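Here is my note on this model. Please keep the structure open while you read.

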Amino acid sequence: MKYVPHELIKEYNACYRVVYQGKLIYPPAADKLGIPLNEIWISELLRPYERYVLFHELREIKHRAEGCSVEEAHKKALELQKVRE
């Protein structure tokens, strides 16, 4: 995980490019942002909420590895966050 300047990632707040269960998982924004392999980027402004953001991103990665689209994985991760809170 890496904190990056908010201006760099303000359209997304967080993004990733990782290998998970042998699959390369990343949303299209990772290409736009130039995120290196096996990094999760989080806006420096979200540092106080790191555990929530990281929980969301890791669940999203898991759902993507299971075959969900970017949008579907994001929605499922949001639903899990609500249950967790």
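The points below cover a pocket, a helix and one arginine.

1. Basis. This is a predicted model, where local features need pLDDT of at least 70, side-chain atom pairs count only at pLDDT 80 or more, and totals for chains, interfaces and linings use all residues. Residues are numbered from 1 along each chain as its sequence is written, and side-chain values use heavy atoms, without hydrogens or water.

2. Helix 3. Helices are DSSP runs of H or I with at least four residues, and strands are runs of E with at least two, numbered from the N terminus. Helix 3 has 16 residues. From first C-alpha to last it reaches 22 Å, close to the 22 Å expected at 1.5 Å a residue (1.5 Å times one less than the number of residues). Its buried residues (under 20% relative accessible area, 1.4 Å probe, protein chains only) include Val53, Phe55, Glu57 and Glu60. Just after helix 3, Gly67 takes a positive phi of about 110 degrees.

3. Arg17. This residue lies in strand 2. Is Arg17 buried or exposed? Arg17 counts as buried because its relative accessibility is 12%. Its side chain joins that of Asp31 through a polar contact of 3.0 Å (N or O atoms within 3.5 Å, one able to donate a hydrogen and the other to accept it; residues adjacent in sequence count only if both atoms are side-chain atoms). A polar atom of the Arg17 side chain also lies 2.5 Å from the backbone oxygen of Ile35. Arg17 touches (heavy atoms within 4.5 Å) other residues too, among them Leu24, Tyr26 and Pro36, not counting residues up to four places away in sequence.

Conventions
Buried < 20%, exposed > 50% of the residue type's maximum accessible area, 1.4 Å probe, protein only.
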